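Below are some questions on empty space and charged side chains, each with a short reasoned answer. Look over the sequence and the structure before reading on.

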Amino acid sequence: MRKEKSFLKRVRLLQGLSLVLVILVILSLVRISALLPGVSEEADQRKVQAKQKVYQKEYIRGSILDRKGETLAWSKEAGGDRYHSQEYASSGLIGYYSIIYGTSGLESRFNDVLTHSASPSDNKRGADVILTLDRSLQNLAFEQIKDMTRSVVVLDAKTGEILALASSPSYNA
């Protein structure tokens with residue numbers, strides 16, 4: 001009888017330990033699966049953000065160009081300031097880039113492209129973005145409305161391309 005009680009105690013102890021072990025294995029699998037791509041959106045987003053921070057520190061941000069290849073925004077060094085050829089005329093459209101304040105406008109929309117290039121010979125430089133915008137038309141549109149509270153949109157009626165998109169007052173004004 002004593003042997004049976006002692007045997008039952010050991011069996012219950014083993015059952016309890018087995019249950020704890022199974023629970024620990026399940027918890028580990030859940031934690032690991034949260035790190036796998038496509039399983040957890042939050043984990044995927046954290047990975048993308050971590051990559052972006054590395055790219056912003058190591059890659060020179062790509063340029064934003066108009067339809068003729070004229071530069072509208074560029075960077076000189078990785079993680080450095082962003083320069084604009086049209087300080088007022090296209091500032092609302094192009095937006096801004098800042099390590100501290102983040103991004104807005106096209107800088108935000110094309111952040112992934114501007115901060116990293118998939119090209120094997122990219123020399124730590126992000127890819128350029130070419131717009132349908134025409135720099136000279138953009139300047140002309142802004143000059144026409146700069147002293148008023150107005151907006152101007154110039155489209156190519158055949159293709160639907162945006163040639164100019166200006167608004168006043170500019171947030172850089």
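Q: How many cavities of 30 Å³ or more does a search of the whole structure find?
A: The model is a predicted one. Rolling a probe the size of a water molecule over the atoms shows where empty space is left. With 30 Å³ as the lower limit, a search of the whole structure gives a count of one cavity.

Q: How much space lies in the largest cavity?
A: The lining of the largest cavity includes Y55, Q56, Y59 and R61. Among the other lining residues are S75, E77, Y97 and T115. The space inside the largest cavity is about 50 Å³.

Q: How many charged residues are in the lining of the largest cavity?
A: Asp, Glu, Lys and Arg count as charged. R61 and E77 are among the lining residues. Sorted by class, the lining has three nonpolar residues and five polar ones, and the number of charged residues is two.

Q: Which residues are linked with R61 in a network of salt bridges?
A: R61 is one of the residues that line the largest cavity. The side chains of R82 and E107 meet in a salt bridge, with 2.8 Å from N to O. The network of salt bridges joins R61 to R82 and E107.

Q: Are R82 and E107 buried or exposed?
A: R82 belongs to strand 3 (residues 82-84) and E107 to helix 4 (residues 105-109), so their salt bridge links parts of the chain 25 residues apart. A residue counts as buried under 20% relative accessible area and as exposed over 50%. By these limits, both R82 and E107 are buried.

Q: Which residue forms a salt bridge with E70?
A: E70 sits in the loop between strand 1 (64-65) and strand 2 (71-75), and its partner is in helix 6 (residues 135-145), 65 residues apart. E70 is partly exposed at 34% relative accessible area, and the partner is partly exposed at 23%. The closest N and O atoms are 3.5 Å apart, and the partner is R135.

Q: How far apart are the closest N and O atoms of K146 and E143?
A: K146 has a relative accessible area of 39%, and E143 has one of 45%. Both values lie between 20% and 50%, so K146 and E143 are each partly exposed. In their salt bridge the closest N and O atoms are separated by 3.0 Å.

Q: How many salt bridges does a search of the whole structure find?
A: The pairs E70 with R135, R82 with E107 and K146 with E143 are among them. Over the whole structure, the number of salt bridges found is seven.

Notes: Residues numbered from 1 in each chain as written. Predicted model: local features only at pLDDT ≥ 70, side-chain atom pairs only at ≥ 80, totals over all residues. Heavy atoms only, no water. Salt bridge = Lys/Arg side-chain N within 4 Å of Asp/Glu carboxyl O. Helix = DSSP H or I, 4+ residues; strand = E, 2+ residues; numbered from the N terminus. Buried < 20%, exposed > 50% of the residue type's maximum accessible area, 1.4 Å probe, protein only. 1 Å grid on protein atoms, 1.4 Å probe; cavity = no way out; pocket = protein on both sides within 12 Å on 5 of 7 lines; lining within 4 Å. Points joined across faces, edges and corners; volume = space filled by probe spheres on them.
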